[in-house]
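Hello,

Here is the structure I promised to pass on to you. Have a look at it first, and then read on for what turned up.

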Amino acid sequence: MRKADLILLFLILLLFVLPLQINPYWLRLLTAFIFLSCLSYSHNLLFHFLGYPAFGGVAFFGFGAYTFSILYNHSTPLLLSLLLGGLSSLILSLLISPILMRLKSHYFAIATLAFQLCLMELAQNLEITGGTKGIAFNLPEYSNLIAFYSFLTLLLTLLMLTLFLDRSRLGLTMKAIREDETTALSVGINAVLYRSIAFMVMAFFLGLTGGVFSFWNAYVDASTLFNPMLSVKTFFILTLSLSLPTYGPLLWSFFFEMLFELLWSKFLMLHGLLLGIAIVLLILFFPRGFVWKRS
């Protein structure tokens, strides 16, 4: 493991003691940053290693969140509800992967986005999901701390998985498919199989993230869980992380949350407009992140 990896892991481990030193406002902000990092790293498993942009990957986040909320609301234990939320998203991805995995580039991106919108419409019209009213539930004491540590554990797992794939033979094989799928097929690599596995792993982690988000938020509805803004944020971060795919999602998620909080607190009525302008300027001047600019 490289020195930079060890420093990063050490900093993440330091986060485990931070909640004991900060007030509820900073705990909420820190949790939002880690939540966004989890979303970005989950999508990055497919985007960075195989070059497939799942613009509608939030569909699995929402599906896992609803599964968790329904189970937890019926007195299922917290950990079991979270695990089943992740597994439900994995099974859903397994069912649709034979169709989606045969699409490429922007066709794949648009198909996943359409899938996300279909699930949102379905959730708004089903009784089990609470329709447009959504689902609310009572939370135990210290729920914010539980959500924080759950997100942090998830982030640590995703970061370790990313580092492993980045240095392993499996990761190199996936990158070979990303760079030239035709050549990869000619040497006997089953590209569809690798894509399907990465797709399901991504869905599993997004489902887990959705479950923890539900617990943190104490309320879920379709417009929150399938919000296209989540995809915009995620792919804005991933685009700026192209030159630094292992650490970039973490660094840019922190930057994005700080920027969002600053604009929201100082310019309440204009923060949406200013955030949009900031995103456009960042993409224009740093299309592949700061490392690319310096090189």
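**Helix H2 and its surroundings**

In this predicted model, helix H2 covers residues 24-50, which makes 27 residues. From its first C-alpha to its last, H2 reaches 39 Å, close to the 39 Å expected at 1.5 Å a residue. H2 also has a bend of about 45° at Asn44. Most of H2 is covered, with 23 of its 27 residues buried.

You may like to check both ends as well. The N-terminal end of H2 is capped by Asn23, which has a side-chain oxygen 3.1 Å from the backbone nitrogen of Tyr25. After H2 comes Gly51, with a positive phi near 75°.

**A link across the sequence**

Leu50 and Ala176 are 126 residues apart in sequence, yet their C-alpha atoms are 8.2 Å apart in space. Ala176 sits in helix H7 (residues 169-179). Is Ala176 buried or exposed? The answer lies in between: Ala176 is partly exposed, because its relative accessible area of 32% falls between the 20% and 50% cut-offs.

**A nonpolar patch**

Finally, look at the surface patch of about 1200 Å², which is nonpolar and includes Trp264, Phe267, Met269 and Leu284. Which helix gives the most to this patch? That is helix H13 (residues 271-285), with six residues. Leu284 belongs to H13, and Leu284 counts as exposed because its relative accessible area is 62%, where over 50% is needed.

Enjoy exploring!

Best wishes

Conventions
Residues numbered from 1 in each chain as written. Predicted model: local features only at pLDDT ≥ 70, side-chain atom pairs only at ≥ 80, totals over all residues. Heavy atoms only, no water. Helix = DSSP H or I, 4+ residues; strand = E, 2+ residues; numbered from the N terminus. Expected span 1.5 Å × (residues − 1). Bend = angle between axes of the 7 residues up to and from the residue. Buried < 20%, exposed > 50% of the residue type's maximum accessible area, 1.4 Å probe, protein only. Polar contact = N/O pair within 3.5 Å; in protein donor to acceptor, adjacent residues only side chain to side chain. Patch = residues over 30% accessible without salt bridge, like charges linked within 9 Å, V, L, I, M, F, W, Y side chains within 5 Å. Areas by Shrake-Rupley, 256 points an atom, 1.4 Å probe, with all protein chains shown as cover. Salt bridge = Lys/Arg side-chain N within 4 Å of Asp/Glu carboxyl O.
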